[in-house]
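Subject: Structure for your review

Dear colleague,

Please find below the structure that I would like to hand over to you. My findings follow after it, and I would ask you to read them with the structure open.

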Amino acid sequence: MGIGFIAGVLGGLLFAHAAYSTIQYRGMLKIMEEEFSGPPTNVVIELLLGLVLCMVAGLAVPGKFHSILPDSEENRVVSLPSNLDFMVFNHRGRVSPFDPELELKT
């Protein structure tokens, strides 16, 4: 468990606590017969801190970015099987009309 995962869990717990605090605050206002105008300042600060922690976790947890360039050798995970007899290339393109004599107009 890295620091990003811990930050994400902590951010989620802060979101849950802020929701619980807001529900408690609204219940208290109903007992005192006052109108709800918005959450208290400490809940807003808690929400912002939870948002920052979740954003940090979202950037830290996935890991290293890989290259998407086709000629890059570092991300060659897919390899062709040694026996090419079992490769099937059936797709919907065979039912579309294709005339090799046609050319695209530019």
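Which residues form a nonpolar patch on the surface? The patch consists of Met 1, Phe 5, Ile 6, Val 9, Leu 10, Leu 13 and Val 61, and together these residues have about 720 Å² of accessible area. Please bear in mind that this is a predicted model. One of the patch residues, Val 9, is found in helix α1. With a relative accessible area of 40%, Val 9 is partly exposed, because partly exposed covers the values between 20% and 50%.

I turn next to the aromatic rings. The structure holds one aromatic pair. Its members are Tyr 25 and Phe 36, whose ring centres are 6.1 Å apart and whose planes are at 65 degrees to each other, an edge-to-face arrangement. Tyr 25 belongs to helix α1 (residues 3–31), whereas Phe 36 belongs to the loop between α1 and α2 (41–60), so the pair ties together parts that are 11 residues apart in sequence. Both rings belong to partly exposed residues: the relative accessible area is 24% for Tyr 25 and 30% for Phe 36. Phe 36 has a further contact, as the charged end of Arg 26 sits over its ring, 4.7 Å from the ring centre.

The loop between α1 and α2 also contains Glu 33. This residue is not a glycine, and yet it has a positive phi of about 55 degrees. Is Glu 33 buried or exposed? Its relative accessibility is 72%, so Glu 33 counts as exposed, the cut-off for that term being over 50%.

As for the second helix and what follows it, the UniProt record (an unreviewed entry) lists residues 42–61 under "transmembrane region". In the model, this span is 95% helix and 0% strand, and its end C-alpha atoms lie 28 Å apart. Gly 63 is found in the segment after α2 and counts as partly exposed, at 37% relative accessibility. How many residues separate Gly 63 from Gly 4 along the chain? They are 59 residues apart in that sense, while their C-alpha atoms are separated by 9.7 Å.

I suggest that you locate Tyr 25 and Phe 36 in the structure to begin with, since they form the aromatic pair described above.

Yours sincerely,
A colleague

Terms used
Residues numbered from 1 in each chain as written. Predicted model: local features only at pLDDT ≥ 70, side-chain atom pairs only at ≥ 80, totals over all residues. Heavy atoms only, no water. Phe/Tyr/Trp six-rings, centres within 6.5 Å; stacked < 30°, edge-to-face > 60°. Helix = DSSP H or I, 4+ residues; strand = E, 2+ residues; numbered from the N terminus. Buried < 20%, exposed > 50% of the residue type's maximum accessible area, 1.4 Å probe, protein only. Lys NZ or Arg CZ within 6 Å of the ring centre and 35° of its normal. UniProt positions renumbered as here; feature names shortened; annotations may be inferred. Patch = residues over 30% accessible without salt bridge, like charges linked within 9 Å, V, L, I, M, F, W, Y side chains within 5 Å. Areas by Shrake-Rupley, 256 points an atom, 1.4 Å probe, with all protein chains shown as cover. Salt bridge = Lys/Arg side-chain N within 4 Å of Asp/Glu carboxyl O.
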